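Reader: I would like to go through this structure with some care, beginning with side-chain contacts and ending with the cysteines. Could we take it in questions and answers?

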Amino acid sequence: MSEEQHQLDDGASLAHVPMKLGAFEFFTRVLHSPTNIVAPMAWRILSRRYGAQLCYTPMFHARLFGDSQQYRDENFRTGPDDRPLIVQFCANDPQVLLRAAKLVEDRCDAVDINLGCPQGIARRGHYGAFLMEDWDLVASM
């Protein structure tokens with residue numbers, strides 16, 4: 001890709017941005033526009049070709065991700081051109097979330113916990129939007 005395709009809104013080139021930005025700097029320089037956020041790998045690759053500046057993975061179940069190499073192999077794909085990348089997990093246990101996050105820490109730029117999934121499976125598993133009823137748990141993660 002040409003350097004023009006890697007420009008941030010403030011005119012800075014991603015080629016000159018450190019691989020890991022601080023949270024506020026990452027938000028203000030990269031994440032500020034949801035129009036630049038894309039999820040599945042094939043779609044992320046295509047979207048980056050057309051200027052997407054930031055991509056998310058689909059939501060992964062943190063316990064399954066941490067416990068199962070097969071789950072990781074079947075669901076998590078990335079590569080050197082797939083940056084910046086945020087990996088999203090659903091979780092309801094800080095240690096489980098940490099374990100999953102440690103498995104991707106060198107292959108992404110940030111980890112996100114899903115606090116918005118309203119589906120019945122999220123209610124049954126006590127994650128997603130249903131964590132919003134348990135602020136102490138959210139804070140611990």
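Author: What follows is a short set of questions and answers on this predicted model.

Reader: Is Arg44 buried or exposed?

Author: Arg44 is found in helix α2, which covers residues 41–49. Because buried means under 20% relative accessible area, and the value for Arg44 is 2%, Arg44 counts as buried.

Reader: With which side chain does the side chain of Arg44 make a polar contact?

Author: The side chain of Arg44 reaches the backbone oxygen of Arg77 at 2.8 Å, but that partner is a backbone atom. The polar contact with a side chain, at 2.6 Å, is made with Asp82.

Reader: Which element gives the most to the largest nonpolar core?

Author: The largest nonpolar core has twelve residues, among them Phe60, Phe76, Phe89 and Leu97. At least two residues of this core come from each of α3 (62–67), β3 (85–90) and α5 (94–104). With three residues, the element that gives the most to this core is α5.

Reader: How many disulfides does a search of the whole structure find?

Author: Cys90 is buried at 2% relative accessibility, and the cysteine sulfur closest to its own, in Cys117, is 7.6 Å away. Because a disulfide requires sulfur atoms within 2.5 Å, that distance is too far for a bond. Cys55 is also buried, with a relative accessible area of 0%. For the whole structure, the number of disulfides found is zero.

How values were computed: Residues are numbered from 1 along each chain as its sequence is written. This is a predicted model: local features need pLDDT of at least 70, side-chain atom pairs count only at pLDDT 80 or more; totals for chains, interfaces and linings use all residues. Side-chain values use heavy atoms; hydrogens and water are left out. Helices (H or I, at least four residues) and strands (E, at least two) are DSSP runs, numbered from the N terminus. Buried means under 20% relative accessible area, exposed over 50%, partly exposed in between (1.4 Å probe, protein chains only). A polar contact is a pair of N or O atoms within 3.5 Å; within protein, one must be able to donate a hydrogen and the other to accept it, and residues adjacent in sequence count only if both atoms are side-chain atoms. A nonpolar core is a set of buried Ala, Val, Leu, Ile, Met, Phe, Trp, Tyr and Cys residues joined through side-chain atoms within 4.5 Å.
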